[in-house]
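Reader: I would like to go through this model with you residue by residue, and I would ask you to reason from burial, contacts and strand order as we go.

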Amino acid sequence: MRVDKFLKNSRIIKRRTVAKEAADGGRIKLNGKVAKAGDEVRVGDIMEIALGSRVTTIRIQDIRDNVGKQEAQDLYEIINS
């Protein structure tokens, strides 16, 4: 699954266009490397998201297309925020 789509599905970022802008702006890292919006996310990957002055680090737990609001938090584990 693409980085921007995962961020939207997991509800870390509310809109896919905002997620794409964040990735293209260099604010998203995937396994220590700056990610592009189209990069593939896999289970077990570590993602760093820099929004504002806060950096949140998550581990990808699951990848699903259709996710309800309650299930969205099950897609990732927060390592550091």
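Reader: Which strand holds Thr57, and is Thr57 buried or exposed?
Author: This is a predicted model, so what follows describes computed values on that model. Thr57 lies in strand E4. Because buried means under 20% relative accessible area, and because Thr57 has a relative accessible area of 13%, Thr57 in E4 counts as buried.

Reader: Which residues does Thr57 touch, leaving aside those up to four places away in sequence?
Author: Some of the partners come earlier in the chain, namely Ile46, Met47 and Glu48. The others come later in the chain, and they are Glu77, Ile78, Ile79 and Asn80.

Reader: How far apart are Thr57 and Tyr76 in space, C-alpha to C-alpha?
Author: Along the chain, Thr57 and Tyr76 are separated by 19 residues. In space, the distance between their C-alpha atoms is 9.9 Å.

Reader: What is the relative accessibility of Thr56, and which residues does Thr56 touch beyond four places in sequence?
Author: Thr56 is also found in strand E4, and its contacts beyond four places in sequence are with Met47, Glu48, Ile49, Ile78, Asn80 and Ser81. Thr56 counts as buried because its relative accessibility is 12%.

Reader: In what order do the strands of the sheet lie, and which are the edge strands?
Author: Five strands make up an open sheet with antiparallel pairing, and their order is E2-E1-E3-E4-E5. A strand at the edge pairs on one side only, and this holds for strand E2 (33-34) and strand E5 (76-80).

Reader: How many bridges join E3 to E4, and which residue of E4 does Met47 stand opposite?
Author: E3 and E4 run antiparallel, and six bridges join them. Across this pairing, the residue of E4 that stands opposite Met47 is Ile58.

Reader: How many residues does the largest nonpolar core have, and which elements each supply at least two of them?
Author: In soluble globular proteins, nonpolar side chains tend to be buried together. The largest nonpolar core here has 21 residues, and those with the most contacts inside it are Val3, Phe6, Leu7, Ile28, Val41, Met47 and Ile58. At least two residues of this core are supplied by each of helix H1 (3-9), helix H2 (16-24), strand E1 (28-30), strand E3 (46-51) and strand E4 (54-60).

Reader: Which residues does Val3 touch, not counting those up to four places away in sequence?
Author: Val3 is among the residues with the most contacts inside the largest nonpolar core. Its partners beyond four places in sequence are Ile28, Leu30, Ala35, Lys36, Ala37, Asp39, Val41 and Met47.

Reader: Why are the buried residues of H2 said to lie on the same side, and what do they pack against?
Author: The buried residues of H2 are Ala19, Ala22 and Ala23. They lie on the same side of H2 because they cover an arc of only 95° around the axis. On the other side of H2, the exposed residues are Thr17 and Glu21, whereas the buried residues of H2 pack against H1 and E1.

Reader: Which residues line the largest pocket, and which element gives the largest share of the lining?
Author: The largest pocket holds about 190 Å³ of space, and its lining is made by Ile12, Ile49, Leu51, Arg54, Thr56, Ile58, Tyr76, Ile78 and Ser81. The elements that give two or more residues to this lining are E3, E4 and E5. The largest share, three residues, comes from E4.

Reader: Where is Lys14, and is Lys14 buried or exposed?
Author: Lys14 has its place in the loop between H1 and H2, and the C-alpha atoms of Lys14 and Asp39 are 19 Å apart. With a relative accessible area of 66%, Lys14 is exposed.

Reader: What are the phi values of Arg11 and Asn31?
Author: Most residues other than glycine have a negative phi, and most peptide bonds are trans. Arg11 lies in the loop between H1 and H2 and is partly exposed at 36% relative accessible area, while Asn31 is found in the loop between E1 and E2 and is partly exposed at 44%. Both phi values are positive: that of Arg11 is about 65°, and that of Asn31 is near 55°.

Notes. Residues numbered from 1 in each chain as written. Predicted model: local features only at pLDDT ≥ 70, side-chain atom pairs only at ≥ 80, totals over all residues. Heavy atoms only, no water. Core = buried A, V, L, I, M, F, W, Y, C linked by side-chain atoms within 4.5 Å. Buried < 20%, exposed > 50% of the residue type's maximum accessible area, 1.4 Å probe, protein only. Helix = DSSP H or I, 4+ residues; strand = E, 2+ residues; numbered from the N terminus. Contact = heavy atoms within 4.5 Å. Pairing = 2+ DSSP bridges. Arc of directions from axis to C-beta. 1 Å grid on protein atoms, 1.4 Å probe; cavity = no way out; pocket = protein on both sides within 12 Å on 5 of 7 lines; lining within 4 Å. Points joined across faces, edges and corners; volume = space filled by probe spheres on them.
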